[in-house]
Amino acid sequence: TYPARPSRSRRAGRPSGCRAGYVSGSGAMLAAMTTAAMAAMARWSRVGLRAQRPGASSALAVPLHGGRRHRRASRTPTTTTPRATTLTEEAAAAGATLRLLREVTAETEVKRSRFVARAAPVTSPEEAMDFVRRRGDPAASHNCFAYRIGHEYRFSDDGEPGGTAGRPMLSALEGSGFDGVCVLVTRYYGGTQLGAGGLVRAYGGAASAVLENAPGELAFPTVTCTAIAPDASHVDAVYRCLARFDAVKEDEEYSDDGSVYVELSVDRAKTDELGATLADLTQGKVAFRVLDD
């Protein structure tokens, strides 16, 4: 005989005689799976925590499920950009100027006209004009320039009204303290006339903008000096001073009496300190003299 099927409760929808905690077969399976998953997560969590302790095996270093991954922030390489050097009053009084380190570019816009300014270090008028030819744009409205190399200078309005482009550019160049520099300003016409005053401000402003933050270094005028050592044993001290003060040996002669004549060029601002250092190193036995101060 087969056992009688249990009668179902109409109110709870479960067999009579069963406890309130009874669940169906599919529900029991789901509960068992959930319990197993939670136990596995607990085991993995304990393993992950042990792996994070000092000296723990790397094979056990597994991430925690459901936890955050802590990654070390990547360090972005930084580059150092040369900063602009200011010509101080003290350096200017010593005859120093600014030397441009590399070509720079800046762009300004005035009433839809674009002004692209470029500045480059040059050592001769020929090099300055070559820069103008290479960097000028034949398709542009105007390519105006100004350069100054020592006592030599030149500027051009390139078709703009006289005195409205090249001259204000040269004024901006002289006011910046830079020497040995050519500035080229290329204008792309925007359809609106600027007038004489507007052109002066536009070209002068473009030249000032390109030189404002340009990387430069101080350059002092050089002078020729002589150092005469009584014998060759003091020549090493002279060479050490050349390296220390960035002096350049121009000539060297050994006399029949054993004395050594060294001609050198050095920044004018360094001559006093160089002479004093040389006297200290040789106990005053090397005669130091500035020739063309």
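Me: Which elements of the protein chain have the lowest and the highest mean pLDDT?
Reply: This is a predicted model, and pLDDT is the predictor's confidence on a scale from 0 to 100. Helix α1, residues 25-51, has the lowest mean among the elements, at 50. Strand β7, residues 181-188, has the highest, at 98.

Me: What is the average for the protein chain, and how many of the residues reach at least 70?
Reply: The mean pLDDT is 79. A score of at least 70 is reached by 70% of the residues.

Me: Where does pLDDT stay under 50?
Reply: One such stretch is residues 6-26. For these residues the model has 12 contacts beyond four places in sequence. Another is residues 44-83, with 19 contacts of that kind.

Me: How many helices and strands does the protein chain have?
Reply: There are 7 helices and 12 strands.

Me: What makes β2-β3-β7-β4-β5 a sheet, and is it open or closed?
Reply: Strands count as paired if DSSP finds at least two bridges between them. β2 and β3 share 7 bridges. β3 and β7 share 8. Both pairs therefore pass the cut-off of at least two. The 5 strands form an open sheet with antiparallel pairing.

Me: Why are β2 and β5 called edge strands?
Reply: Each has a single partner strand, so one side of each has no neighbour in the sheet. β2 covers residues 104-110 and β5 covers 152-156. From one strand to the next, the twist averages 15°.

Me: Which residues stand opposite each other along β3?
Reply: Towards β7, Ala119 has Val183 as its bridge partner, and Ala117 faces Val185. Towards β2, Ala119 stands opposite Val104, while Phe115 stands opposite Thr108.

Me: What is found between the strands of the β2 and β3 hairpin?
Reply: There are 2 residues between the strands. In this hairpin, Lys111 takes a positive phi near 50°.

Me: How do you know whether β3 is enclosed or open to solvent?
Reply: Buried means under 20% relative accessible area. In β3, 7 of the 9 residues are buried, so the rest of the structure largely encloses this strand.

Me: Which helix packs on this sheet?
Reply: Helix α4, residues 166-176, does. Helix α4 touches β4, β5 and β7. Its direction makes about 40° with that of β4.

Me: What makes Cys144 and Cys182 buried or exposed?
Reply: The cut-off for buried is under 20% relative accessible area. Cys144 has 0%, so it is buried. Cys182 also has 0% and is buried.

Me: How many disulfides does the rule give?
Reply: A disulfide is a covalent bond between the sulfur atoms of two cysteines. The rule asks for a pair of cysteine sulfur atoms within 2.5 Å. By this rule the count is 0.

Me: What is the order of the 4-strand sheet, and is it open or closed?
Reply: The order is β10-β11-β9-β12. This sheet is open, and its pairing is antiparallel. β10, residues 248-254, and β12, residues 287-290, are the edge strands. Each of them pairs on one side only. Neighbouring strands are turned by 20° against each other on average, direction ignored.

Me: How do you know that β10 and β11 pair?
Reply: At least two bridges are required. β10 and β11, residues 260-267, have 6, so the pairing holds. One bridge pairs Lys249 with Leu264 in β11.

Me: Which helices go with β9 and β11?
Reply: Helix α6, residues 235-244, packs on the sheet and touches β9, β10 and β11. Its direction makes about 170° with that of β10. Helix α7, residues 271-282, lies across β9, β11 and β12. Helix α7 runs at about 170° to β12.

Me: How many of the 293 residues, as a percentage, count as buried?
Reply: The figure is 32%. The protein chain exposes about 19200 Å². Carbon and sulfur atoms supply 50% of this area.

Me: What part of the contacts with a separation of 6 or more comes from residues 24 or more positions apart?
Reply: Those residues account for 65% of such contacts in the protein chain.

Terms used
Residues numbered from 1 in each chain as written. Predicted model: local features only at pLDDT ≥ 70, side-chain atom pairs only at ≥ 80, totals over all residues. Heavy atoms only, no water. Buried < 20%, exposed > 50% of the residue type's maximum accessible area, 1.4 Å probe, protein only. Contact = heavy atoms within 4.5 Å. Areas by Shrake-Rupley, 256 points an atom, 1.4 Å probe, with all protein chains shown as cover. Axes fitted to C-alpha atoms, helices over the stretch in contact; angles between N-to-C directions.
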